[in-house]
Amino acid sequence: MELKLTLQGAMIYATMVLYVVAGLAMLLKFRRVGWVVAAAGFLCASTSWLYRWAHADHFPAQTMFEVFLTLGMVLPLLSALGRWGLKTPASWADMLLGAAILFPAGFVARFAEAPQKLPPALQSGLFVPHVMAYMAAYVAMAKAAILAVGEILGRPVLPGLVDYDRATYRMICLGFPLLTLGLVLGSWWAKLAIGDFWHWDPKELWSLVSWLVYVGYFHLRYRLGRRGRKFQAALAVLGLAAIVVTLLAVTLLPALRGWHSYAD
Amino acid sequence: MVIVLSAAASFLGADRAAMLFRSWPLAIFWVLLTVVGIVGFIAFPRLWRRPGLLAMHAGVVLILAGSIWSSPTGHQLAERLTGRAKPRRGWMRIYEQQASNIMAVEASSPDQPATAARLDFSLRLRSFTIERYRDTPSWDLVAMNMAAAGDEIQASMIDLPETPSRWIDLPGTGVRVRVDKYLDVHPMRIDPRVVIRLRNSGQVLGKIPAEVGAGIDLPQLGASFEIVKLFENFRIENGQAVEGPPGRYNPAAEIRADFGQGDPVTFWARRRARQDPESENPLEVYYAPAVPLDELPGAIFVELEYQGQTQMYRIDADYDAGFGEMPLAAVFDDLPAGAQGISLVLLPGQRMVKDYLADVAVLVDGEVRSQKTIEVNHPLGYGGYHFYQVDHGSDERGTYTILSVVSDNGWLAVRSGFVALLFGTFWQLWFVPVLRARKGKGVAGGA
């Protein structure tokens, strides 16, 4: 753990504070104040992200530090889409999730702020769409898992939302094509970079596990409809757990290191 | 099953996981899975009424079929069906300005020897270049155990990052190091020269500009040195120094040394090796090439932490000595015994690679049929294979590149599967719900 006493660090902390304040304001029914503060948080996150882009001299999605920074910037966009496009509110939880996502970038010493040059393999036109598809998918699936917890608990933990099952389904419908896009683009890129589209690398295997969990979710959904909702919700949570392993454990656990360890 | 196997196999490492998933029981499983996927089109006629679902399933079946066809077993099957052997994977070594059609074929298992195959066409390497980032340091920082001797020095070397970095533990020392920044400290271009120094102390006794006829008298040695010949590409053939073919830079100077006793001695000063072998000669004489202005970051700031103390230090590179050194024992008094001999050493290195470029031409009966600059992420596709730049080097025959050669069997099916899967997923989960919502049916909550 460390404090990052730089301009970049200051912007991360400011974003975290704004997200927490926005989340609490929304939770306490000060919705207008909450949205204004959330917008300020997004502005701060975007500025921080663009500053990083200029500082690193490449699209900021190479290191884990940059990945968390990008996730924190993408989240309010997905939250707004969820609220106004998919009728899945609970924006206060999104804001708190945003602060939690930025925590590793702001405080974990291992995710160092020092920018790195892109090695030859990462200089590909597929780098940005591959990573951004995954970032957006991860945020959507994280939100889906939060909603699924509401379904599993069977009581209204999130104010303003009644049908957790349907909201979970909508968020997974949003995230799954992006998850598929990230997987396919990564595979295509591997073919162009090193010859095989699949290497059985730990990160690849866990990304396949994540994808298959959601495939299982959809098969249950299409077979059973809204029957067995709790089991489907459990799969949504399991899917997020697999995503967390894909994103973090593969980088942090020496037993799972492989082709993708350059992201550390 | 695939979920459980994938999760478990992730702990095996990529190579062993690949062996597991390509083993015979799982090969049968993949074939059965593909067959079940195909049967699904008949068993579930609903699929045909939903283009999105149909495309998703067709995509998965195509990816599975393509993967099987591209696997080692798939290649064996293709060979039996067509009677034509097509190696799945291998390598080619091609020298600059030369052509080759010989491919070293990857053995199907580690206990089998690699074999060679001839392609129906040749690849000619017209040029090979490495692009480097201009704004990365051209020096390497390593932690080295200077108390060890000979090969042991290599064994205890730790590469430290090129760019400002996180804290890194130096094993066995309790010391952590972090690169803070590299500095430009040499404002002048340094011309090529021959350096004479004492091997043990590192003291530089003299420098001679790298010009024929230039020389130096060293009264403390009672000796004089004169450059009698210069080489751009130094080679020794039959015990004689000769100028090699142009294109490769391996400079050296022929030196005549007169020690005032007996006849003058002639020897060759070559570039200084990083690790000098043990030598009885107290003098070290080497050729130091020119250092252009933009190759001159020559100092580094590092932060060191030991038992809660953190200190910033600067290590300067001495161009004539060839490196900069800072013993840890000079910084911290109470280091453990095993750490006393460890130094941080700044060594001449090379800037970080940005890209490798191999400009190749495809020749059929001596005629150029295709040409391409192979870069990372931009392979050459020709004659049923993809060619990837993977390594390079140089030896007495010149500069060469090593290309990885991969059969393209199954890739068309896999690529089509990717497109179908993406189309189906987005169609079913994004466009259909949006269309339904626009027609006033609301966003679907299920099938």
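# Notebook: patch, rings, charges

I started with Val20(A), which is partly exposed because its relative accessible area is 33%, and a residue has to be under 20% to be called buried or over 50% to be called exposed. Note to self: this is a predicted model.

**Entry 1, nonpolar patch.** I looked up where Val20(A) sits and found it in helix α1 of chain A. Which residues form the nonpolar patch on the surface? My list reads Val20(A), Leu24(A), Leu27(A), Leu28(A), Phe30(A), Val33(A) and Leu96(A), with about 580 Å² of accessible area together. Helix α1 (residues 7-27) gives the largest share of that patch, three residues.

**Entry 2, chain A overall.** I then stepped back to the fold of chain A. Its secondary structure is eight helices and zero strands, and along the sequence the pattern reads α-α-α-α-α-α-α-α. I get a radius of gyration of 18 Å for chain A, close to the 18 Å from the globule rule for 264 residues, so chain A is as compact as a globular protein of that length. The C-alpha trace of chain A spans about 50 × 45 × 30 Å along its principal axes. I also checked burial: 61% of the 264 residues of chain A count as buried.

**Entry 3, aromatic pairs.** I ran the ring search over the whole structure and got 34 aromatic pairs over all chains. One of them is Phe218(A) with Tyr222(A): the centres are 6.4 Å apart and the planes are at 65 degrees, so I logged the pair as edge-to-face. Both residues lie in helix α7 (residues 202-224) of chain A, four residues apart, which is about one turn of the helix. Phe218(A) and Tyr222(A) are both buried. I moved to chain B next, where Trp411(B) and Phe418(B) also make an edge-to-face aromatic pair, at 6.2 Å centre to centre and 80 degrees between the planes. Trp411(B) is buried, since its relative accessible area is 7%, and Phe418(B) is buried as well, with 5%.

Back in chain A, I asked which residues form one aromatic cluster with Phe218(A) and Tyr222(A). The other members are Tyr169(A), Phe176(A), Trp211(A) and Tyr217(A).

**Entry 4, charges over rings.** I found the charged end of Lys191(A) over the ring of Trp411(B), 5.6 Å from the ring centre. I noted a second case in chain B: the charged end of Lys86(B) sits over the ring of Tyr385(B), at 5.3 Å from its centre.

**Entry 5, salt bridges.** How many salt bridges does a search of the whole structure find? The count is 15 over all chains.

I opened Lys143(A) and Asp94(A), whose side chains meet at 2.6 Å, N to O. Lys143(A) is in helix α5 (residues 127-153) and Asp94(A) is in helix α4 (residues 91-107), so this salt bridge ties together parts of chain A that are 49 residues apart in sequence. Are these two buried or exposed? Lys143(A) counts as buried because it has 3% relative accessibility, and Asp94(A), at 3%, counts as buried too.

Lys86(B) turned up again here: its side chain meets that of Asp408(B) in a salt bridge at 3.1 Å, N to O. This pair links distant parts of chain B, 322 residues apart, with Asp408(B) in the loop between β25 (398-407) and α7 (411-438) and Lys86(B) in the loop between α5 (72-82) and β1. Asp408(B) is partly exposed at 28% relative accessible area, whereas Lys86(B) counts as buried at 15%.

The next one I pulled up is Asp359(B) with Arg126(B), the closest N and O atoms being 3.3 Å apart. Asp359(B) lies in strand β21 (residues 353-364) and Arg126(B) in strand β3 (residues 115-132) of chain B, so the pair ties together parts that are 233 residues apart in sequence. Arg126(B) counts as partly exposed, at 29% relative accessibility. I also marked a network in which salt bridges with shared partners join Asp196(A), Arg88(B) and Arg89(B).

**Entry 6, backbone oddities.** Most residues other than glycine have a negative phi, so I looked for positive values. Trp200(A) has phi near 60 degrees. I placed Trp200(A) in the loop between α6 (164-194) and α7 of chain A, and it is buried, with a relative accessible area of 12%. In chain B, Gln97(B) has phi near 65 degrees, also positive. Gln97(B) is in the loop between β1 (89-95) and β2 (99-105) and is partly exposed at 47%.

Notes
Residues numbered from 1 in each chain as written. Chains lettered and ligands numbered in written order. Predicted model: local features only at pLDDT ≥ 70, side-chain atom pairs only at ≥ 80, totals over all residues. Heavy atoms only, no water. Patch = residues over 30% accessible without salt bridge, like charges linked within 9 Å, V, L, I, M, F, W, Y side chains within 5 Å. Areas by Shrake-Rupley, 256 points an atom, 1.4 Å probe, with all protein chains shown as cover. Salt bridge = Lys/Arg side-chain N within 4 Å of Asp/Glu carboxyl O. Buried < 20%, exposed > 50% of the residue type's maximum accessible area, 1.4 Å probe, protein only. Phe/Tyr/Trp six-rings, centres within 6.5 Å; stacked < 30°, edge-to-face > 60°. Lys NZ or Arg CZ within 6 Å of the ring centre and 35° of its normal. Rg over C-alpha atoms; globule rule 2.2 N^0.38 Å.
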